[in-house]
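Trainee: I would like to go through the reasons behind the labels used for this model. Can we take them one at a time?

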Amino acid sequence: MTVSIALFTQDLRLHDNPVLHAAAAAADQVVPLFVLDPAVEAAGFAAPNRQAFLANCLADLDDGLCRRGSRLVVRHGDPADQAARVAAEAGADTVHVAAGVSAFAHRREARLRELLGDRLRVHDASLTVVPPGDVTPAGKDHYAVFTPYHRAWQQAPRRKVLAAPRALHTPDDVRSERLPTADGTSPALPPGGESEARRHWKRWDPDAYAELHDALAEDGTSRLSPYLHFGCLSANELAARATAHGGEGAEAFVRQLAWRDFHHQVLAARPAVAHQDYRSRHDRWHHDEAEAEAEAWRQGRTGYPIVDAGLRQLLHEGWMHNRARLLTASFLAKSLYLDWRIGARHFLSLLVDGDVANNQLNWQWVAGTGTDTRPNRLLNPLRQALRYDPDGAYVRRWVPELAHLPGPAVHQPWREDAPDYPAPIVDPDSLGARFRHARALD
Ligand SMILES: Cc1cc2nc3c(=O)[nH]c(=O)nc-3n(C[C@H](O)[C@H](O)[C@H](O)COP(=O)(O)OP(=O)(O)OC[C@H]3O[C@@H](n4cnc5c(N)ncnc54)[C@H](O)[C@@H]3O)c2cc1C
């Protein structure tokens, strides 16, 4: 009787899972293993919202495995130590794991290799549509600009979508700890897990996406990001299904999956950009009153309704609309000219889809220290508000103290009667002055 281990990481699913598929093909019995790593918490990455979502994902994965005659084995500790220990207990010949892109994932893989040697099998087509490094410009290890990356990405070969295994056999005598439970901090978190993800995907209609994805009040985006972050859905399967569906909306959606892959391939090649500027602009971020301003921003009390609406959505749902992420991030990094890492940390403390590649590199894109080819662009919150929330419905939903202001008047409460709402934290007439001065743009 041969045994293999499928070590789950950010691929918490049964469908289109190369790790599980290969583990099942390699042996008579499979141990599906997930290791709760205390280092994630020690690194400050275990935000309660994501822990709560993760607990749902693991319960759902266990459920799906049980229905196939197997079960999830959960352990606490260093993932490599635990995988080696379970391999010894079960007499496993091979351990299968998805390749990750962060420095953390690289270290985990190196340690697995140290303990398991050639019994380790790493599957690099698990987390993204196109594996990082599969498309590169001549003589370079990654693309630094999205448009040429996207062109190459569209031409890159795709692997076949894999069906979920029908049945799996797992040795009886491998002990599991209890599945975790956790409460999030945001009251309106989405439920985690592959079953919910697949229901959600079936319900969502991509046809209107091209037209509505930027309309803040419409909620026309897929809201699949948490499921993609935890791998409840495979990006490869989503891209294949959306391409088969066809049309402008599905095409625009697939382009966003390419953005996700783009950031993953940057981080895989340059793991340090999780903390360091990808392209330094020699910023000397604003310091006076920085903590008070950052706190007003975190609480959604900047006096700019569109900014505050986004930040309050984040507090409440653990998720924020992409357009709101862009303009709230631009407000912090450019209008207030505070270090982008302050904002990125706050997002990661709440986002249920909080992801090192997508969060840190989007923050850098907005701050102009990343891959944006126009690093000095500044999003004016008022213009953004009038364009993407023309009637003010998004603001009235999230900023109740302004609910009495009709139509677009809600975007400029400093001109209206709004005694319960803070005054603008920076003067609307000199927005961006700090940034332009610091980058010598005046
Ligand atoms: C400052 C900032 C921080 C961000 N932090 C994160 C984060 O921590 N985790 C995260 O998943 N996304 C992040 N994004 C990207 C984007 O805002 C979210 O992926 C998107 O809003 C999720 O909603 P959705 O699933 O409805 O997206 P849809 O519009 O339906 O897009 C489909 C999928 O494409 C991917 N995607 C879409 N836009 C981007 C993008 N700009 N970059 C990378 N992938 C993208 C996501 O996986 C998303 O689920 C951030 C963007 C900004 C500007």
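**Ligand, cores and single residues**

Mentor: We start with the ligand: 28 residues surround it, and the closest are Tyr209, Thr221, Ser222, Arg223 and Asn322. Keep in mind that the model is predicted.

Trainee: What makes the pair between Arg223 and the ligand a polar contact?

Mentor: A backbone N or O atom of Arg223 is 2.6 Å from an oxygen atom of the ligand. The cut-off for a pair of N or O atoms is within 3.5 Å, so the pair qualifies.

Trainee: Which side chains have polar atoms paired with an oxygen or a nitrogen atom of the ligand?

Mentor: Asn358 places a polar side-chain atom 3.2 Å from a ligand oxygen. In the side chain of Asn359, an N or O atom is 3.1 Å from a ligand nitrogen. As for cover, the ligand on its own has 820 Å² of accessible area, and the protein covers 98% of that.

Trainee: Which elements give two or more residues to the shell around the ligand?

Mentor: They are helices H9 (225-229), H11 (248-269), H14 (322-335) and H16 (356-367). H11 gives the most, with 6 residues. By class, the shell holds 13 nonpolar, 10 polar and 5 charged residues.

Trainee: Why is Ser222 called buried?

Mentor: Its relative accessibility is 9%. Buried means under 20%, so Ser222 counts as buried. Ser222 sits in the loop between helix H8 (209-212) and H9. The side chain of Ser222 reaches the backbone nitrogen of Leu224 at 3.1 Å. Beyond four places in sequence, Ser222 is in contact with His200, Trp204, Tyr209 and Phe253.

Trainee: Which residues have the most contacts inside the largest nonpolar core?

Mentor: They are Leu12 and Phe253, in a core of 61 residues. H11 gives the most to this core, with 9 residues. Once neighbours within four places in sequence are set aside, the contacts of Leu12 are Phe34, Leu54, Cys57, Leu58, Leu61, Glu194, Phe230, Gly231 and Cys232. Another core lies apart from the one that holds Leu12, and has 46 residues, including Leu314, Leu336, Trp363 and Trp398.

Trainee: What covers the buried residues of H15?

Mentor: The cover includes helix H3 (48-66), helix H12 (290-299), helix H13 (305-317), H14 and H16. The buried residues of H15, which runs over residues 340-350, are Trp340, Gly343, Ala344, His346, Phe347, Leu348 and Leu350.

Trainee: How do you know that Arg75 is buried?

Mentor: Its relative accessibility is 0%, against a limit of under 20%, so Arg75 is buried. Arg75 belongs to strand S3 (residues 73-76). A polar contact of 2.9 Å joins its side chain to that of Glu89. Not counting residues up to four places away in sequence, Arg75 touches a set that includes Leu33, Phe34, Gln82, Arg85, Glu89, Val174 and Glu177.

Trainee: In helix H5, which label does Ala105 get, buried or exposed?

Mentor: Ala105 has a relative accessible area of 6%, under the 20% limit, and is therefore buried. The C-alpha atoms of Ala105 and His264 are separated by 12 Å, though the two are 159 residues apart along the chain.

Trainee: And what makes Glu114 exposed?

Mentor: Exposed means over 50%, and Glu114 has a relative accessible area of 60%, so the label follows. Glu114 is also in helix H5. From Glu114 to Pro375, 261 residues apart along the chain, the C-alpha separation is 41 Å.

Trainee: Why is Asp219 called partly exposed?

Mentor: Its relative accessible area is 32%, which lies between the 20% and 50% limits, so Asp219 is partly exposed. Asp219 is in the loop between H8 and H9. Its phi is near 60°, a positive value in a residue other than glycine.

Trainee: What makes a positive phi worth a remark?

Mentor: Most residues other than glycine have a negative phi. Glu289 also has a positive phi, of about 60°, and is not a glycine.

Trainee: Where is Glu289, and is it buried or exposed?

Mentor: Glu289 is in the loop between H11 and H12. Its relative accessibility is 59%, over the 50% limit, so Glu289 counts as exposed.

Key:
Residues numbered from 1 in each chain as written. Predicted model: local features only at pLDDT ≥ 70, side-chain atom pairs only at ≥ 80, totals over all residues. Heavy atoms only, no water. Near = heavy atom within 4 Å. Polar contact = N/O pair within 3.5 Å; in protein donor to acceptor, adjacent residues only side chain to side chain. Areas by Shrake-Rupley, 256 points an atom, 1.4 Å probe, with all protein chains shown as cover. Helix = DSSP H or I, 4+ residues; strand = E, 2+ residues; numbered from the N terminus. Nonpolar A, V, L, I, M, F, W, Y, C, P; charged D, E, K, R; others polar. Core = buried A, V, L, I, M, F, W, Y, C linked by side-chain atoms within 4.5 Å. Buried < 20%, exposed > 50% of the residue type's maximum accessible area, 1.4 Å probe, protein only. Contact = heavy atoms within 4.5 Å.
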